[in-house]
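Colleague: I have the chains open in front of me. Can we go through the charged pairs and the chain contact, one question at a time?

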Amino acid sequence: MAQKEFTVISHHYNPDWLSEEALLASFVARQNDFAFMRAELARAPLQGNVQHYLLVGVRGVGKTTLLKRLAVAIRREPDLSNHLLALSFPEELYQVKNLSDFWWAACEALVDELDYLEQSHEAEKLLLAIGQIRKHGDKNNLAADAGFKLLQDTCAALKKRPVMLVDNLDLVFDRIDKSGRKLKDPHSPAYWALREALSTTTSPIVIGGSVRLSDAFIDYDKAFYDFFLPKRLGKLSLDEVHSVLEHLADVQNQPEVKERLRTNPARVEALYELTGGNPRALGLIFELFRSGPNSRAVEDFERLMDITTPYYKARIEDLSEQAQVIMHALAVHDAKLGLRFGHTAAEIASYTDLPTTSISAQLSLLENEGLVEKSPAHGRTQYRITEQMFRLWLQMRATRRIRQNVISLAKFFEVMYEQEELRAMLKEGSGTSAVTTSNRIDESQGKEIRSHVMEALDAEYETGQQDIPGDLERRINALLSTEFVENFLVTALQTPNSAALVLDKMRKLGYEKHARPLILAFEAALENKEDMLTELEPELQGATMHMYARLTGKSKKKTRKKAVKLVDGQL
Amino acid sequence: MDNIAGTPVEGENFFGRSTEVGRLADILRNDDILLLGPRRIGKTSICRAVMAHVKASNWHAIEINVASCEDELAFLEKLHSALAPEMASLGSKIKDRFAATFDAISTRIKSIKIAVTGAGTASVDLAAPASEDWIHLGNDLLRLLMQADQPWLVYIDELPIMLFNMIRNDTPGGVRRVRRFLDWFRNDVRALPGSHSVRWLVSGSVGLDTLVQQHGMADTINSLNHQHLAAFTEDVAIAMLRKLAERYQLALDNEAARKLVAAVQWAQPYYLQKAFHYLRQRVSANLSTNANTATVADIISQIEPAMNDMVQPGSDNDFHHWEQRLALQLGAAQAAHAIALLSLAAQDATGARPENMLIHLEGRMPNDSTEKQREMFINLRDILQRDAYWWPDESSGNKRYRFHLEPLRRWWLRRNSL
């Protein structure tokens, strides 16, 4: 058991090192995706047309693990192993510098697989052939297909069709796009040669992984335009997260952790929002639950950021100095963001004092690396850091004020979900709504809005808003109270002019620092921009939508009815 | 039939175009064919079906994909390699006769070089034998084919890519070489004795027509019989979807299939396959029931969400290239006009009246003459029609330009609204 415990949870960044048994034991999430891909492979003929797939998702989303799980299925399950061979490539193919090398890497993967299948005679034979052919091959022809022919001939003799499981396929493409002395040629003939090789009835089946759908896959005039069918691996659902954590507790025989998970759903939910449902973070979260029985989400999150520091530090240090400046700016420059996707190149240029042309060029490189994503859907193209945890890590490493914003957000999530649980419990217990109506709004429409609720909050926020207040939790509780949300904000929304003043006031008082989802939801409700909620940074989406539902009653009819009643009766 | 979108299909997976296959094979009795069309409409698949068709009539048929070729010699190497297995299948008497010549050509291919101006520094290539060598070699190779008893079909896929490669890699001389290549194809090859016994099926997706027009060589492709591929009729599209449903055990009846076709509109097999994929994925992931036990109503309920999956930003399908393509092809100013017209047409699934679009364009070009505005509209109208953005629909009595692909219209609408 001790061995299993170690292997299941310790390979957060190298799922490829997991033993097959450990992989099978820990593979809980992505069952639908796995079942779908597995069924596709089961149907793939030994000879005939096939569909190639590309798994797309941020780092840590589970691409490598899914590829490895498929490899295990191909090896172990007869309906797959009877006609397929899994060729698992290492995550990084440092030896590949052209298409010819890629085919040789495939041959080497086949040697590995034959070894695994204990077909040592075939493996040795293939190894010998690789050596001989490479020695006498045409070294000037970068797209020489001798390796491909050897792969095909060997598989044909074995009566098996190869399934090439290639992680970071976009990076492989970056390595083979050479044309003579010219590097990085998007129109490289190597792409077309590869496409040709993958377009026959005996072609290897390719299932690739990529952090993004790079130009090579989607540009109309590029070889692989719409060639692979992309399958996006998004964030896990909260239910899946619970299943994974509980499964880990079962596998490691830790019933006390399972109990903690059950009794602290708000802690799980808050961490879920902060880590973006990223499977890689789940093993870490599990460890936090195991080692900190009574911890709060904020403390968990700080520890999580601490644990991941070596990983993210190495990644940021890998970048050029200018790219580091831009990544930092994208992470911390959040002043007056409001309902937006991210920042424009001009805004980053202004913040960093670098020329816009340099910023644009660097953003383009960062996008190619999958570190930055963009949206052209809102006027000027806006950019943001793709990985939520990377962005939050950068924010935690920035100034005290920025770090406090992140901590406040963590606290906000926890308080919000605790309140929701409490509401649900009260509702369940008494059969009535927990909503109180004891306080009435006494205000004049239009101009200066002051309610006793607002005034009380103003007084608190006007002092020391740069720091995390000692009683932050109490304040957030007040902001999320029925009194403030349903009785005051919902009512204010009935008269847009008043609501605009309220929004302005809340921003000026710095509420956005400690209750950003609430403020964004209020803005979206006021300006009828529900669509923009899905464009926000992922960690904000869940809580903001939640608050939006409370404010607009779109998914809570009772709240809505109550709000109307208040308007009718009092305003 | 398998759910395959992206790679060419053959055999059982090739569906619904047997009439077109017969028609193209008929044309090939007397003519060579140039099959042009947007990407992903199934050109390679139908050409392979045509090959199979003529093979059944005792023709030899070979395929060469020349997209990875960067010069004329690479083209000949491809041709030579593709011919090798066919030569081996000839009767022993003929084979003996041809073997020596064929092998000699192989040696000659290895020895000659193409003169690429400006390549490298001192350029070994410039010192190489005259560039016309490849023509003699090509002619010799083709003469060999023409002596065989049976007719040949040579299918050349992605020819425009090869021609673009030549121009990109040889800025000063590329255009001249492309012209010479196309002239060779049109004149020299046809002048060879027995040329009628070799038929050519040439296909391509990336702007061969634009290329030859731009460089004043439209005449070079006039000798080819130009053909296009139409989308499926509704009945064929429904039949295809039902066949797919049968394979994946989905309860997709006629009505459900019709709804899916209506949701796609442009019934090209690629888009039908893709829509079916999203539907299948939705059904298997989002229904509490097993996908195979989902009812017709369950499946119909998933069509709309599946279509939404296709157009959501950051989701599996990316339509941005349809917009980006305009800027690359037309330049910023014209592309902005084209985008404005498409945005107007996207407002309604039935499209927009050309008169209204012209008025809209006039508003965008206040300082230009009426003639200029009209000329711009007609030019853009035709480009957008040729590149499969929209088509003229006169079914309502008035001509309206409407999007071919309904998911693209939805994307466009979403993209250009708050």
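Colleague: How many salt bridges are there over all chains?

Modeller: Keep in mind that this is a predicted model. A pair counts when a Lys or Arg side-chain nitrogen is within 4 Å of a carboxyl oxygen of Asp or Glu. Over all chains, that rule gives a count of 57 salt bridges.

Colleague: Take A:E108 and A:R134. How many residues apart in sequence are the parts that this pair ties together?

Modeller: Their side chains form a salt bridge, at 3.7 Å from N to O. A:E108 belongs to helix α6 (residues 99-116) of chain A, and A:R134 to helix α7 (residues 120-136) of chain A, so the pair ties together parts whose separation in sequence is 26 residues.

Colleague: Is A:E108 buried, partly exposed or exposed? And A:R134?

Modeller: Partly exposed covers the range between 20% and 50% relative accessible area. A:E108 has 33% relative accessibility, so that residue falls in this class. A:R134 has 32%, so the class for A:R134 is also partly exposed.

Colleague: Now A:R391 and A:E539. How far apart along the chain are they?

Modeller: The two side chains meet in a salt bridge of 2.5 Å, N to O. A:R391 sits in helix α20 (residues 388-396) of chain A, and A:E539 in helix α28 (residues 538-552) of chain A. The pair links distant parts of the chain, and the separation is 148 residues.

Colleague: Are A:R391 and A:E539 buried or exposed?

Modeller: Buried means under 20% relative accessible area. A:R391 is at 1% relative accessibility, so it counts as buried. A:E539 is at 2%, so A:E539 counts as buried.

Colleague: Which residues are linked in a network of salt bridges?

Modeller: Side chains of opposite charge can pair when their charged atoms come close. In chain A, such salt bridges join up into a network. Its members are A:E20, A:E21, A:R75, A:R76 and A:E113.

Colleague: Let's turn to the interface. How much area do chain A and chain B bury between them?

Modeller: Contact involves 41 residues of chain A and 48 residues of chain B. Carbon and sulfur atoms carry 45% of the buried area. The total is about 3,900 Å².

Colleague: Which residues of chain A lose the most area to chain B?

Modeller: Three residues together make up 19% of what the chain A side buries. They are A:N49, A:W192 and A:Y220.

Colleague: How many salt bridges does the rule find across the interface of chain A and chain B?

Modeller: One of them joins B:R280 to A:E40, at 2.8 Å from N to O. Another joins B:K78 to A:E196, at 2.7 Å. That second pair runs from helix α3 (residues 72-88) of chain B to helix α10 of chain A. The rule finds 3.

Colleague: How many residue pairs are in polar contact between chain A and chain B? And which element gives the largest share of the chain A side?

Modeller: The polar-contact count is 11 residue pairs. On the chain A side, α3 (31-43), α10 (189-197) and β5 (229-232) each supply at least two residues. The largest share is 5 residues, and it comes from α10(A).

Colleague: By class, how many charged residues does the side of chain A that touches chain B have?

Modeller: Split that side by class. There are 17 nonpolar and 9 polar residues. The charged residues number 15.

How values were computed
Residues are numbered from 1 along each chain as its sequence is written. Chains are lettered from A and ligands numbered from 1 in the order in which they are written. This is a predicted model: local features need pLDDT of at least 70, side-chain atom pairs count only at pLDDT 80 or more; totals for chains, interfaces and linings use all residues. Side-chain values use heavy atoms; hydrogens and water are left out. Contact means heavy atoms within 4.5 Å. Buried area is the accessible area (1.4 Å probe) that two parts lose on being put together, summed over both. A polar contact is a pair of N or O atoms within 3.5 Å; within protein, one must be able to donate a hydrogen and the other to accept it, and residues adjacent in sequence count only if both atoms are side-chain atoms. Helices (H or I, at least four residues) and strands (E, at least two) are DSSP runs, numbered from the N terminus. Ala, Val, Leu, Ile, Met, Phe, Trp, Tyr, Cys and Pro count as nonpolar, Asp, Glu, Lys and Arg as charged, and the others, Gly among them, as polar. Buried means under 20% relative accessible area, exposed over 50%, partly exposed in between (1.4 Å probe, protein chains only).
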